[in-house]
Amino acid sequence: MIGASAGGLAALRVLLGALDLRFAWPLVTVMHIAEPDISGLVSLLGRTSVLPVREAHSGEALAAGVWLAPGNYHLLIERDAKFALSVDARVAHARPSIDVLFESAADSFAARVIGVVLSGANDDGARGLAAIRAAGGLALVQDPDSAEEPTMPRAALQRCGADAILTPALLAARLQHEFDSCQTRKR
Amino acid sequence: MARREDIELDLFIGALKRRYGYDFSDYAQASLRRRVLGLVSHYQLANISQLTEKLLHDEAALPDIIAQLSVPVSEMFRDPEVFATLRSEVFPVLASYPLINIWQAGCARGEEVYSLAILLHEAGLYERTQIYATDMSPRALEAAREGIVPARELRQYAEHYRRAGGQHTLSDYFHARYGHLKLDDSLRRNVVFAAHNLATDGPFCEAQLILCRNVLIYFRSSLQRRAVALFAESLVRGGWLCLGTKESLRFSDETGSFTLVDAASALYRRSGAPLPLSTPAAKPHAAS
């Protein structure tokens with residue numbers, strides 16, 4: 001589960017560009033943007049992402065690839081691994097809200113969630129990352145020094161700390177490492 | 001071992017259904033859980049069990065609880081392009097009917113109904129239209145009946161109105177009242193606000209157009225299918241169904257009752273496919 005805001009696009013592009021094609025875990029992303037239509041963002045990210053980038057639809061099953069929350073809707077993860085949407089009130093002025101996504105993922109998948117907080121000028125994602133950590137999931141935060149806007153990563157760190165604080169390229173490496181070791185364990 | 005909060009949520013939903021007849025058991029769980037926890041926080045309670053206690057022992061809290069669990073406040077002309085599409089694609093067809101029935105399901109505080117009323121009026125269709133605006137929340141209906149919007153929203157609404165193809169000035173349709181804007185009576189005359197619950201109630205009208213925007217996203221797929229079947233039964237052949245822009249009938253139109261007309265506006269048309277024999281029977285109760 002990835003949360004990004006101001007300055008997060010650059011971080012996200014690096015991260016998505018550094019993953020392996022074999023990375024089969026869904027990358028669900030909330031990006032704070034102004035317009036309701038995210039098709040521009042989808043194609044922009046798609047250009048440099050190794051994995052396919054799509055908008056998440058209500059009722060659709062999570063699958064490998066990058067999924068983006070639609071504009072002006074909250075995105076949630078159900079226990080049956082499907083996407084759900086909501087137009088409930090903004091949370092900390094945000095809709096989609098990173099906290100809403102992270103908290104629903106933590107509730108639905110507990111220790112099987114990895115939360116990633118990237119650059120941003122607010123504190124969305126801090127509570128959500130704390131929920132992921134509390135449920136036994138992995139918390140990764142972009143190194144504030146590498147972030148265009150360090151506020152969001154700092155807020156997350158202040159709230160609940162992290163399992164690792166990394167630059168976007170190293171975040172990708174860490175995700176890849178988690179995925180690869182999980183595959184190895186399975187054999 | 002089942003999670004305590006899961007058990008508490010089930011018990012709360014059970015209490016709501018058994019005591020008051022509101023059935024949330026088929027709602028999408030993630031958003032419902034969030035709303036229930038929001039209520040726990042709102043009342044400064046420690047857990048959902050305490051909310052259940054409040055629900056059962058403080059009946060006066062029910063309307064507020066239902067209000068928080070149902071469709072939230074919307075905006076006027078939300079997704080203006082959709083209203084523009086309704087004007088250009090649907091209204092001309094509506095014009096061919098001597099009498100028009102429109103059902104707006106999940107009217108919340110009325111923003112969408114007023115938007116519709118204004119556009120119908122500008123298209124010269126309002127006089128022969130009857131709008132049924134339904135919601136399951138008594139609070140929402142009360143507010144909707146007032147015909148009030150907050151004055152601070154006017155600028156945003158006026159912008160939406162313009163993009164929806166509004167021909168005049170939005171504020172012309174309202175009277176200023178202590179920080180609120182009240183919709184002109186002439187535009188509320190042909191609107192009936194009534195309690196109706198998509199989870200439990202049946203058809204009550206035959207409409208040419210049904211709007212149900214950003215309501216189905218809160219339902220599990222089985223309840224979505226129920227609602228869609230209900231809409232199919234409530235529409236004339238060739239009638240229109242308009243959902244929220246990010247909604248679709250992909251997972252809920254089992255009988256092929258609808259054809260997609262405009263994906264961006266989530267606009268569908270009732271096809272000729274007959275319905276299966278068993279359909280919901282109970283009638284809604286119109287609130288006075």
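Here is a short round of questions and answers on a predicted two-chain model.

User: Before we start, what pLDDT does this model need for local features?

Analyst: Residues are numbered from 1 along each chain as its sequence is written, chains are lettered from A and ligands numbered from 1 in the order written, and side-chain values use heavy atoms, without hydrogens and water. This is a predicted model in which totals for chains, interfaces and linings use all residues and side-chain atom pairs count only at pLDDT 80 or more, while local features need pLDDT of at least 70.

User: Happy with that! In chain A, which strands stand at the edges of the seven-stranded sheet?

Analyst: Strands here are DSSP runs (E, at least two residues; helices are H or I, at least four), numbered from the N terminus, and two of them pair if DSSP finds at least two bridges between them. The open sheet is parallel, in the order β3-β4-β2-β1-β7-β8-β9 of chain A. Pairing on one side only marks the edge strands, β3 (53-55) and β9 (164-166) of chain A.

User: Which residue stands opposite Ile2(A) in β2(A)?

Analyst: Strand β1 (residues 2-4) of chain A pairs with β2(A) in the parallel sense, over three bridges. Opposite Ile2(A) in β2(A) is Thr29(A).

User: At what angle does α5(A) run to β8(A)?

Analyst: Axes are lines fitted to C-alpha atoms, for helices over the stretch in contact, and angles run from 0 to 180 degrees between N-to-C directions; contact means heavy atoms within 4.5 Å. Helix α5 (residues 151-160) of chain A lies across β1, β7, β8 (138-142) and β9 of chain A, and its angle to β8(A) is about 145 degrees.

User: Which element gives the most to the lining of the second largest pocket?

Analyst: A pocket is an open set of points on a 1 Å grid over the protein atoms alone, with protein on both sides within 12 Å along at least five of seven lines; a cavity is a set where a 1.4 Å probe fits but cannot get out, and lining residues have an atom within 4 Å of a point. This pocket holds about 580 Å³ of space, where volume is the space filled by probe spheres set on points joined across faces, edges and corners. Its lining has 21 residues, with Trp25(A), Pro26(A), Arg112(A), Val113(A) and Ile114(A) closest to the centre. With five residues, the top contributor is α6(A).

User: And what is the volume of the largest cavity?

Analyst: Its lining has 16 residues, and Tyr27(B), Val71(B), Met136(B), Leu198(B) and Val215(B) lie nearest the centre. The volume is about 160 Å³.

User: Over in chain B, why is one side of β3 and β4 left without a neighbour in the sheet?

Analyst: The open sheet has three strands in the antiparallel order β3-β5-β4 of chain B. β3 (148-150) and β4 (174-177) of chain B are at its edges, so one side of each lacks a neighbour because each has a single partner strand.

User: Which residue in the turn between β9(B) and β10(B) has a positive phi?

Analyst: β9 (residues 258-262) and β10 (residues 267-270) of chain B run antiparallel, joined by four bridges. They form a hairpin with four residues between them, and the positive phi, about 50 degrees, belongs to Ala266(B).

User: Finally, how much area is buried between chain B and chain A?

Analyst: Buried area is the accessible area (1.4 Å probe) that two parts lose on being put together, summed over both. The contact takes 21 residues from chain B and 22 residues from chain A. Carbon and sulfur atoms give 43% of the buried area, which is about 1900 Å².
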